[in-house]
Amino acid sequence: MWTVGVHPDVLVVRSGFWQTTCTVVHRGVADGAAECFVIDSPVLPDELDALPMVLAQAGWEPTGLLCTHGDWDHVLGSLAFPGATLGCAETTAARLRAEPGAAQRALRDFDEEHYAERARPLSLGHVDAIGVPGHVGIGDAELDVLPTAGHTADGMAVWIPWARVLVCGDYLSPVEIPWLSQTGSRDAYLATLELLRPYVEEAAFVVPGHGTPVDGPRALAILREDADYLRALPDPDAPLPPARRTTAQRKIHAENVDRVRTP
């Protein structure tokens, strides 16, 4: 499991599977008290088992969990921190209520396919719906939460203002092209990119849902590439961004073409 500090208050863990990222943000106050949120999650069992040790080495105690959206690979934090409350956008909370057990079934299918064993089944525990756009208090500061739609119909990005770090979920990835899920929308995706643009322009680092964190200028270049790609759909010959022309990304592109062609 790969771990890097992008700010004294922000650690990013990258899973060995799909390069899924997990971001830990910490903030203290004058009297010595502190709060710490774990945003999204790594995927593999040993990575989730190691996550409490990563926080312990930093001297941080988790206050709660946040997720950028309801895809199963982003909501596994409770496997590392049982009983912790999961905070998410109201749209994600509604999705989780409407699809009871969906994340658990998807995780079970993944584990069966890859022969993975876990110490306990996934339980999301208490889910706290957050009004988005809005703010989440942490220590003596606040996180800004921003609505994201396009990859899925639900979700939020998290802006950490004092660190100038944007945690954006499945957007602005250096390894994955824009992916329109069954509930995704090209127009909504483009609108999300425009909403994120001023934060990207200000960011020291952007943490995508999949891939290594990138600095602000690189993230802005990815944003432009992604917008150009999406505007070219549903052309099956729409050029993929140069660094993301792998076989796996061409499969995603074929799905995107079908999504845009089929209202």
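**Close-up 1. D144 and its partners on either side in strand 9.** In this predicted model, W159 in strand 10 is the bridge partner of D144. Looking the other way, D144 in strand 9 is also the bridge partner of H135. The D144–W159 pair belongs to the stretch where strand 9 (141-147) and strand 10 (156-160) are joined by four bridges and run antiparallel. Strand 8 and strand 9 run antiparallel too, this time with five bridges between them. As for cover, five of the seven residues of strand 9 are buried, so call this strand mostly covered.

**Close-up 2. The hairpin turn at G139.** Strand 8 and strand 9 make a hairpin, and just two residues sit between them. One to check on your Ramachandran plot is G139 in that turn, where phi is positive at about 55°.

**Close-up 3. The six-stranded sheet, edge to edge.** Zoom out a little and the hairpin turns out to be part of an open sheet of six strands, ordered 8-9-10-11-12-13 with mixed pairing. Strand 8 (134-138) and strand 13 (214-215) are the edge strands, each of them paired on one side only. At the strand 13 end, two bridges tie strand 12 to strand 13, and the two run antiparallel. There, V206 stands opposite V214 of strand 13. For the chemistry behind such pairings, recall that strands of a sheet pair through backbone hydrogen bonds, either parallel or antiparallel.

**Close-up 4. Helix 5 lying across the sheet.** Helix 5 (residues 186-202) lies across strand 9, strand 10, strand 11 and strand 12, and it runs at about 150° to strand 9. Which residues of helix 5 are buried? They are Y189, L190, T192, L193, L196 and V200. The spacing makes sense on a helical wheel: an α-helix has 3.6 residues a turn, so residues three or four places apart point the same way. The cover over the buried residues of helix 5 includes strand 9, strand 10, strand 11 (165-169), strand 12 (205-208) and helix 6 (216-232).

**Close-up 5. Cap, kink and length of helix 5.** Start at the N-terminal end, where S185 acts as the cap: one of its side-chain oxygens lies 3.4 Å from the backbone nitrogen of D187. Further along, helix 5 has a kink of about 40° at L196, shortly before the proline P198. L196 is also one of the buried residues of helix 5. From first C-alpha to last, the 17 residues of helix 5 reach 25 Å, close to the 24 Å expected at 1.5 Å a residue.

**Close-up 6. The seven-stranded sheet and its edges.** Here is the other open sheet: seven strands in the order 1-2-3-4-5-6-7, again with mixed pairing. Strand 1 (2-7) and strand 7 (127-130) are at the edges with a single partner strand each, so one side of each has no neighbour in the sheet. On average, neighbouring strands of this sheet are turned by 25° against each other, direction ignored.

**Close-up 7. Strands 3 and 4, with helices packed on the sheet.** Strand 3 (residues 21-28) and strand 4 (residues 34-40) run antiparallel and are joined by seven bridges. Look for R27, which stands opposite E35 in strand 4. Helix 1 (residues 45-58) lies across strand 1, strand 2 (10-14), strand 3 and strand 4, at about 155° to strand 2. Helix 3 (residues 90-98) packs on the sheet as well, touching strand 6 (86-89) and strand 7, and its direction makes about 110° with that of strand 6.

**Close-up 8. Two positive-phi residues that are not glycines.** D40 has a positive phi of about 65° and lies in strand 4. Y115 has a positive phi of about 60° and is found in the loop between helix 4 (102-114) and strand 7. Buried or exposed: where does each stand? D40 has a relative accessible area of 4%, so it is buried, while Y115, at 76%, is exposed.

**Close-up 9. Two cis peptide bonds ahead of prolines.** V132 and P133 are joined by a cis peptide bond with omega of about 5°. P133 is in the loop between strand 7 and strand 8. The peptide bond from L233 to P234 is cis as well, with omega near 10°. For P234, look in the loop between helix 6 and helix 7 (247-261).

How values were computed. Residues numbered from 1 in each chain as written. Predicted model: local features only at pLDDT ≥ 70, side-chain atom pairs only at ≥ 80, totals over all residues. Heavy atoms only, no water. Pairing = 2+ DSSP bridges. Axes fitted to C-alpha atoms, helices over the stretch in contact; angles between N-to-C directions. Contact = heavy atoms within 4.5 Å. Expected span 1.5 Å × (residues − 1). Bend = angle between axes of the 7 residues up to and from the residue. Buried < 20%, exposed > 50% of the residue type's maximum accessible area, 1.4 Å probe, protein only. Polar contact = N/O pair within 3.5 Å; in protein donor to acceptor, adjacent residues only side chain to side chain.
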